Amino acid sequence: EYGSHQPVIVQKDKLLGGLLPSGIDERSCLSRHESVLYHKELRHKPSSHLISRLRDYEALHKQCGPHTEIYNRSIELIKSGQFNGSADCNYLVWISYSGLGNRMLTLASAFLYALLTNRVLLVDPGVNMPGLFCEPFPEVSWLIPPDFPLINQFGNFDQKSPHSYGYMVKNDIIIRNSSTDGSIILPPFIYLHLTHDYDDQDKLFFCDQDQSFLQKIPWQIMKTDNYFVPFLFLMPTFEQELSNLFPQKETIFYFLSRYLFHPTNSVWWLVKRYYQAYLAQADEKLGIQIRVLETEVGPFKYVLDQIISCTMKENLLPQINRSSESIVLNQSAKQRKTIAVLITSLSPGYSEEFRNMYWENPTVTGEIVSIYQPSQEEYQQSENLLHERKALAEMYLLSLSDKLVTSGWSTFGYVAQGLGGLKPWILYKPDQNRTSHNPPCVRAASLEPCFHAPPYYDCKKKTATDMSKLVPHVRHCEDVSWGLKLF
Ligand code: GDP
């Protein structure tokens, strides 16, 4: 199915420049080593420091992961509620929460935080995680075993849980628990509430002083729907190590997503079949990710107008000739450039409009434009495995484009851009009264996702501060004016 030179490339860089560990069985997870055949060459090289920290992490995971002796002992701490202050391994439990794009961003954030704090990352399987992603670490699973003592409480943890760090701070629980000799009695586990509705006390997670307390707790359990990596760069505790790991700051999600997220074979076949049938032959591939935050399915004219305006203005799609005179082109069909446009959307309507536009009218310069949309699911169904497999396959297919247009605010689009190492043209969120935004889109200046709900609090100064003004590489996002993003 590929030219004879292809297997050589697989041999050469199937471990993505040392990013991936060697020695993992290839057949149980084909995407791990085959993705290099579909993605463009690695556009950036992982630092040797990142590579060595990842190998160290894998060793730690193997030593402390599920069903190891140390894990079994550590579980007893939770069951007994007693913790005397010393643990062999510390853990970070990631709770499965929100849509798939959100989950991929938060899982990458959680992994990086675990790496920085020498914790072992354990993943709540939620409904679909094992059906979507292969195990990323050799030998020992990243999934929390079903008999984990707190597993049935994950859904109930919230801001008001007595185990929530913010709640404990608000109610002075940690101080009150101090024993008579003045030393603080530490709980064996703590819940970190980092979802978009978090309050000032929950946000103390992002303060160095609070981190030095939190690091003493063996089990941290985190729920978030935000890509919080940009803020870790604003914390003196992590700043230096992060710069060593990622000399090019905008490559963090690019490397972490390629390291962590290997679609399972079922998803991978969805990707490969679609790619081979519709995209592989095209001279140029354009991805357009359309996410409309309305309750009705659409299509909406103001959305369509904005996408047409963006793609025409930025020369992403060829102009059409609407005059009835058809122009006679000197080129034969073979000589004409073919452009495959991959549209992803819950609504089938936008690709129908584009398909008609390029059927009813010729392009001015003769390109042949074909429009494809893999699924039309109409509404989000995060509990449905096939629905989420298609969503992941579509994010992946978008990441294989040459050029990409995404919808602002959408984590689905952030994942596609990150996996592909692409700087997309971001469609602005349409204006309030259902009108197209002008200008329609902006070219992203960095590959990174946006942290939508960052704290506005300077821990050192103990005052509200615009955190985008402190260092040159953490600034507001193109699409969310109060968000923070790495550049
Ligand atoms: P966000 O809401 O855009 O930030 O992205 P999420 O991925 O977190 O949540 C949206 C969910 O809606 C996705 O995970 C899918 O389940 C579904 N969805 C949205 N857009 C599409 C699409 O273009 N294709 C498919 N297959 N599903 C989509």
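Buried residues make up 40% of the 487 residues in the protein chain, where buried means 20 or more other C-beta atoms within 10 Å of the residue's own, exposed means 12 or fewer, partly exposed is in between, and C-beta atoms are placed from the backbone. Keep in mind that this is a predicted model: local features need pLDDT of at least 70 and side-chain atom pairs count only at pLDDT 80 or more, while totals for chains, interfaces and linings use all residues. Residues are numbered from 1 along each chain as its sequence is written.

**Whole chain**

Start zoomed out. The C-alpha atoms fill a box of roughly 90 × 55 × 40 Å along the principal axes. A compact globule with 487 residues would have a radius of gyration near 23 Å, and the 24 Å of this chain agrees; the radius is taken over C-alpha atoms, and the globule rule is 2.2 Å times the number of residues to the power 0.38. Switch to cartoon and you have 17 helices and 14 strands, which are DSSP runs numbered from the N terminus (helices H or I, at least four residues; strands E, at least two). Of the contacts between residues at least 6 apart in sequence, 74% join residues at least 24 apart; a contact puts two C-beta atoms, placed from the backbone, within 7 Å.

**Select 48–64**

This is helix H3, with 17 residues and a reach of 24 Å from its first C-alpha to its last, close to the 24 Å expected (1.5 Å times one less than the number of residues). Show side chains for Leu50, Leu54, Tyr57, Leu60, His61 and Cys64, the buried residues of H3. Look down the axis of H3: these buried residues fall within an arc of 120 degrees, so they line one face of the helix. The arc uses directions from the helix axis to the C-beta atoms. Now flip to the other side of H3, where Ser48, Ser52, Asp56 and Ala59 are exposed.

What do the buried residues of H3 pack against? Colour helix H4 (69–80), helix H5 (100–116), strand S2 (119–123), helix H11 (236–245) and helix H12 (252–260) to see their partners. While you're at H4, its 12 residues reach 17 Å, close to the 16 Å expected. Just after H4, click Gly81, which takes a positive phi of about 75 degrees.

**Select 189–194**

Strand S3 is mostly covered, with 6 of its 6 residues buried. Phe189, Tyr191 and His193 sit on one side, with Ile190, Leu192 and Leu194 on the other. Add strand S4 (residues 219–224): 6 bridges join S3 to S4, and the two run parallel (pairing takes at least two DSSP bridges). Phe189 stands opposite Trp219 in S4. Bring in helix H9 (residues 208–214) and you get a right-handed β-α-β unit of S3, H9 and S4; right-handed means that, with the strands pointing away from you, the path from the first strand over the helix to the second runs clockwise.

**Two methionines**

Hop to Met168 in helix H7 (residues 165–170). Met168 has 20 C-beta neighbours inside 10 Å, so it counts as buried. Draw a C-alpha distance from Met168 to Ile190: 9.4 Å in space, 22 residues apart in sequence.

Last stop: Met395, in helix H16 (residues 385–399). Which residues does Met395 touch, not counting those up to four places away in sequence? Light up Gly101, Phe412, Val415, Ala416 and Leu419. Met395 counts as buried because it has 30 C-beta neighbours inside 10 Å.
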